[in-house]
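Q: Please take a close look at the salt bridges in this model. Which side chains pair, and where do the partners sit?

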Amino acid sequence: DATKERISRQEAKYRYITINFLTDLFNGKITNISGTPDNCGVDVRFTAVTSSGIETYDVEVKERNKSQTLMKRFPTAELKKAKYNSMCSAHTNNKLIYIQYINEVAYIYDMDKLNWEQVKLEDWNIKYTQYDDTSNIKTTPTYFIPYSQSLNRINVSKYYKDYANNQQDKN
C-alpha cells in the first residue's frame with residue numbers, strides 16, 4: 001500500500017539523519033548506534049560513553065513542518081501521549097530522548113530533565129496517519145513541550161542534504 005510505503009520511507013529518512021547527526025554530535029563517544037524495528041516504539045537506539053559512564057539512549061523522532069509564524073504562535077514540540085507512554089513502558093532502563101525536526105533544525109529533549117509543570121497535556125486534532133493526505137482527523141491527547149526546554153537546537157540541513165544525495169546515488 002502506498003501510504004505504508006511512504007511512512008516506511010519517512011522513517012528510514014529520519015533514522016538516517018538522526019544516526020548521522022548524533023554520531024557527529026557525540027564526537028566518537030558512541031559505541032553502538034542503529035535504527036530500531038518499526039514496531040519498537042522508538043526510532044534509534046545508541047550506547048555512548050558519558051561523564052556518568054556507559055549509557056543507552058532510546059530516541060523518538062518526529063518531523064513537523066511549521067512556518068516561523070506558527071512557531072511563534074505555538075512555541076512547542078508536540079508528542080502524542082500514547083507515543084510517550086509507549087516509549088516509557090518498552091524502554092524502562094534506557095534514557096529517553098525526543099527529537100523534533102522543524103525546518104531542518106533538531107530540537108532535542110531529554111525526557112528525564114523536562115519540567116513537567118511547564119508541559120501542557122491537551123487534545124490535538126491531527127491526521128490519523130501523518131503521511132496520508134486522505135487520512136481522517138483524530139482528536140489525540142498530546143503533550144505540548146515548550147521549545148525552551150530543548151537541551152539543544154542544531155541545524156541539521158547538512159544531514160538532510162546528505163540523505164538526498166545518498167538517495168540519488170542509489171537511483
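A: The salt bridges are taken up below pair by pair.

The model is predicted, so local features need pLDDT of at least 70 and side-chain atom pairs count only at pLDDT 80 or more, while totals for chains, interfaces and linings use all residues. Residues are numbered from 1 along each chain as its sequence is written, and side-chain values use heavy atoms, with hydrogens and water left out.

With a salt bridge defined as a side-chain nitrogen of Lys or Arg within 4 Å of a carboxyl oxygen of Asp or Glu, the count is 11. Among them is Glu5 with Arg9, whose closest N and O atoms are 3.7 Å apart. Both belong to helix 1 (residues 2-25), 4 residues and about one helical turn apart; helices (H or I, at least four residues) and strands (E, at least two) are DSSP runs numbered from the N terminus. Glu5 is partly exposed at 44% relative accessibility, and Arg9 is partly exposed at 45% (buried means under 20% relative accessible area, exposed over 50%, partly exposed in between, with a 1.4 Å probe and protein chains only).

Glu60 and Lys83 form another salt bridge, at 3.6 Å from N to O. Because Glu60 lies in strand 3 (residues 53-64) and Lys83 in helix 3 (residues 81-90), this pair ties together parts 23 residues apart in sequence. Glu60 is buried, at 1%, whereas Lys83 is partly exposed, at 22%.

Lys95 pairs with Asp112, the closest N and O atoms being 4.0 Å apart. Lys95 is in strand 5 (residues 95-102) and Asp112 in the loop between strand 6 (105-110) and strand 7 (120-127), 17 residues apart. Lys95 is partly exposed at 25%; Asp112 is exposed at 54%.

Finally, Glu11, Arg15 and Asp43 are joined into one network by salt bridges that share partners.
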